[in-house]
Amino acid sequence: MVERKPDDAKGTAEHLVADGRRVDVTAKIVYGELADELPLIMEGGEWLIDADPLNFYPQDTPTNALRSLLRAVALKRYDVVLCFVPREYREHMTAEDVMAEFEGERREENERILRLLSANLRAVVEQQGDSARMVFGDRYEVKFKREGGVWIIEKLF
């Protein structure tokens, strides 16, 4: 296309650099069972990681909060799972309470729903202000809310 329309290509290039404009070139790597995303940015001709790679449980978006919750449950980090519980409930819960929920008598049902949820991680998350929701399966939904600057899970199933 550049060869066929060199004037258009030149005009676009001039427009991109006019008035000191800067163009950020970004990409993301999607990997793993939880479809984790690693954002990249090009600087000085090199690709650099554009996030903290040591933040294993990010809560900056509803989708990241959900992935992080699933990772914490899979790793049996029930102390971390508490970070995704609304403050009003968290004050009255312990990691042992969370463990009982995921490993107790409802374990099989919860595992089935968590597998379904993991399979639907790319479902659309509808966000309005500090609230969001994601419908998955034929009758389930996750409700999110922003609390203290991070996204938490208000309702999981």
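Start in the middle of this predicted model. The largest nonpolar core here has 28 residues, so select the ones with the most contacts inside it: Leu66, Leu117, Ile153 and Leu156. Now colour the elements that give two or more residues to this core: the helices α2 (62-74), α3 (78-81), α5 (95-103) and α6 (107-119), plus the strands β5 (131-136), β6 (140-147) and β7 (150-155). Which element gives the most? That's α2, with six residues. As background, nonpolar side chains in soluble globular proteins tend to be buried together.

Stay in the core and click on Leu156. Ignoring residues up to four places away in sequence, what does leucine 156 touch? You should find Leu66, Leu69, Phe102, Leu114, Leu117, Phe136, Glu141 and Val142 around it.

**Next stop: the sheet**

Show the strands as a cartoon. Four of them make an open sheet, in the order β4-β5-β6-β7, with antiparallel pairing. Look at the two edges: β4 (125-128) and β7 each have a single partner strand, so one side of each has no neighbour in the sheet. Turn the view and you can see the twist: on average, neighbouring strands are turned by 25° against each other, ignoring direction. In general, strands of a sheet pair through backbone hydrogen bonds, either parallel or antiparallel.

Zoom in on β6 and β7, an antiparallel pair with five bridges. Select phenylalanine 144 and look across to β7: isoleucine 153 stands opposite. Now bring α2 back into view. This helix packs on the sheet and touches β4, β5, β6 and β7, while its direction makes about 70° with that of β7.

Slide over to β4 and β5. They run antiparallel too, joined by four bridges. Pick valine 125 and find its bridge partner in β5, methionine 134. These two strands form a hairpin with two residues between them. Click on glycine 129 in the turn: its phi is positive, about 60°.

**Rings worth a look**

How many aromatic pairs does the structure hold? There are two. For one of them, select tyrosine 78 and phenylalanine 102: this pair is stacked, with 6.3 Å centre to centre and 10° between the planes. The pair links distant parts of the chain, since tyrosine 78 belongs to helix α3 and phenylalanine 102 to helix α5, 24 residues apart. Are these two rings buried or exposed? Both tyrosine 78 and phenylalanine 102 are buried.

For the other pair, select phenylalanine 136 and tyrosine 140. They are stacked as well, at 5.5 Å centre to centre with 25° between the planes. Phenylalanine 136 and tyrosine 140 are both buried.

**Where two helices cross**

Hide everything except α5 and α6. Their axes come within 6 Å and cross at roughly 85°, which means α5 is roughly perpendicular to α6. Who makes the contact? Show the side chains of Glu101, Phe102 and Glu103 on α5, then Arg107, Asn110 and Leu114 on α6.

**Last stop: an arginine**

Go back to helix α2 and select arginine 67. Is arginine 67 buried or exposed? Its relative accessibility is 5%, and buried means under 20%, so arginine 67 counts as buried. To see its surroundings, leave aside neighbours within four places in sequence and show Leu34, Ala35, Asp36, Glu37 and Leu121, which are in contact with arginine 67.

Notes: Residues are numbered from 1 along each chain as its sequence is written. This is a predicted model: local features need pLDDT of at least 70, side-chain atom pairs count only at pLDDT 80 or more; totals for chains, interfaces and linings use all residues. Side-chain values use heavy atoms; hydrogens and water are left out. A nonpolar core is a set of buried Ala, Val, Leu, Ile, Met, Phe, Trp, Tyr and Cys residues joined through side-chain atoms within 4.5 Å. Buried means under 20% relative accessible area, exposed over 50%, partly exposed in between (1.4 Å probe, protein chains only). Contact means heavy atoms within 4.5 Å. Two strands pair if DSSP finds at least two bridges between them. Axes are lines fitted to C-alpha atoms, for helices over the stretch in contact, and angles run from 0 to 180 degrees between N-to-C directions. Rings of Phe, Tyr and Trp (its six-membered ring) pair if their centres lie within 6.5 Å; planes under 30 degrees apart count as stacked, over 60 as edge-to-face and the rest as tilted. Angles under 35 degrees count as roughly parallel, over 145 as roughly antiparallel, 65 to 115 as roughly perpendicular and the rest as oblique.
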